[in-house]
Amino acid sequence: AIETHSERARAAGTAAASLCVSIAPVPEMVSAHAARLSDEGDAIERYLEGPPSTEAARERYAAASLPTALTTPTLLVTGKDDPDVPPRLVTDYAARCEQDAASSGADAAGVSLLEIPLAGHYDVVTADATPWLS
């Protein structure tokens, strides 16, 4: 069974996170592979040691992807002009999280999406980048 951050924190006697912030994420590896991320188009394939063409590879891709059944409120931050990770990968992931929460009927944590106008991939992780200062 997969243990959540909250469960691990309770077991350790520490406080659980009250918010997860994911900045410029690559949330789902199969879609990222199909989008051919990186200048050469092979970043995901290199990172995950091959394409998602076998069951073992698909399991690696799933393990490297973010979960959609969130247990901690999550803020996704993406640049609207990100040339490295197309914003649709992040917005599609946010929509899947909302769908999973709605269909589960459980007390699922929410997801919020912050799309920064005129920001690229590295602009959202650089505090003195123009989008943050304007």
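In this predicted model, Asp42 pairs with Arg46 in a salt bridge, with 3.5 Å between the closest N and O atoms. The two partners sit differently with respect to the surface: Asp42 is partly exposed, at 23% relative accessibility, while Arg46 is exposed, at 57%. It helps to recall that side chains of opposite charge can pair when their charged atoms come close.

The count of salt bridges comes to two. Besides the pair just described, Arg58 and Glu55 meet through their side chains, at 3.4 Å from N to O. Both belong to helix α4 (residues 55-64), and because they are three residues apart there, about one helical turn separates them. Arg58 is partly exposed, with a relative accessibility of 39%, and Glu55 is likewise partly exposed, at 48%.

Turning to the interior, eight residues make up the largest nonpolar core: Met29, Ala32, Leu37, Ile44, Leu48, Tyr61, Val85 and Leu89. One member, Leu37, can be followed in more detail. Neighbours within four places in sequence aside, Leu37 is in contact with residues including Ala32, Ile44, Val85 and Leu89, and also with Asp42. Another core, of seven residues, lies apart from this one, and Leu76, Val90, Ala94 and Val111 are among its members. In soluble globular proteins, nonpolar side chains tend to be buried together.

How confident is the prediction, and where is confidence lowest and highest? The protein chain has a mean pLDDT of 85, and 88% of its residues reach 70 or more. Confidence is highest in strand β2 (residues 74-79), at a mean of 94, and lowest in helix α1 (residues 5-12), at 68. Where pLDDT is low, the predicted coordinates should not be read in detail.

Technical notes:
Residues numbered from 1 in each chain as written. Predicted model: local features only at pLDDT ≥ 70, side-chain atom pairs only at ≥ 80, totals over all residues. Heavy atoms only, no water. Core = buried A, V, L, I, M, F, W, Y, C linked by side-chain atoms within 4.5 Å. Buried < 20%, exposed > 50% of the residue type's maximum accessible area, 1.4 Å probe, protein only. Contact = heavy atoms within 4.5 Å. pLDDT = per-residue confidence, 0-100. Helix = DSSP H or I, 4+ residues; strand = E, 2+ residues; numbered from the N terminus. Salt bridge = Lys/Arg side-chain N within 4 Å of Asp/Glu carboxyl O.
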